[in-house]
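Student: I'm new to this one, so could you take me through it step by step?
Tutor: Sure, have a look first and then ask away.

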Amino acid sequence: MDALIEIANRAVADYGFRQAALWSPGDVAARWELSAEETAVLEGALHDALDELPVPVEPDDVPGQQERIGGIIRAALAG
């Protein structure tokens with residue numbers, strides 16, 4: 001889960017990385033050595049959350065968005 005949250009945090013702050021996570025999740029999953037369950041979250045709940053973010057996320061909003069998306073990841077992996 002830590003790697004997935006790190007990916008999400010970076011994707012919130014860095015629009016270019018967000019594009020890679022959104023459109024090449026298989027490559028991101030392989031590079032970060034995600035489990036099948038984590039990859040499913042990356043391609044599902046995390047993809048949806050990242051896709052809804054504004055472009056760009058304002059610097060003052062980054063920590064709040066990172067926390068919100070971290071909660072989505074934790075909930076998806078718990079369920």
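**A first tour**

Student: Is Arg74 buried, exposed or partly exposed?
Tutor: Arg74 has 34% relative accessibility. Buried means under 20% relative accessible area and exposed means over 50%, with partly exposed in between (1.4 Å probe, protein chains only). That value lies between the two cut-offs, so Arg74 counts as partly exposed.

Student: Before we go on, what sort of model is this?
Tutor: Residues are numbered from 1 along each chain as its sequence is written, and side-chain values use heavy atoms, leaving out hydrogens and water. Local features need pLDDT of at least 70 and side-chain atom pairs count only at pLDDT 80 or more, while totals for chains, interfaces and linings use all residues, since the model is predicted.

Student: Which residue does Arg74 meet in a salt bridge?
Tutor: A salt bridge needs a side-chain nitrogen of Lys or Arg within 4 Å of a carboxyl oxygen of Asp or Glu. The structure holds 1 of these. At 54% relative accessibility, the partner counts as exposed. The N to O distance is 3.3 Å, and the partner is Glu67.

Student: What pattern does the chain follow along the sequence?
Tutor: Helices (H or I, at least four residues) and strands (E, at least two) are DSSP runs, numbered from the N terminus. The protein chain has 6 helices and 0 strands. Read along the sequence, that gives α-α-α-α-α-α.

Student: Which helix gives the largest share of the largest nonpolar core?
Tutor: Such a core is a set of buried Ala, Val, Leu, Ile, Met, Phe, Trp, Tyr and Cys residues joined through side-chain atoms within 4.5 Å. The largest one has 23 residues, and Leu4, Val12 and Ile69 are among those with the most contacts inside it. Helices giving two or more residues to this core include H2 (15-23) and H6 (62-78). The largest share, 6 residues, comes from H1.

Student: Leaving aside neighbours within four places in sequence, which residues does Ile69 touch?
Tutor: Contact means heavy atoms within 4.5 Å. With those neighbours set aside, Ile69 is in contact with Ala8, Val12, Leu46, Ala49, Leu50 and Leu53.

Student: And what about Pro56, buried or exposed?
Tutor: Pro56 is found in the loop between H5 and H6. From Met1, Pro56 is 55 residues away in sequence and 25 Å away in space, C-alpha to C-alpha. Its relative accessible area is 53%, so Pro56 is exposed.
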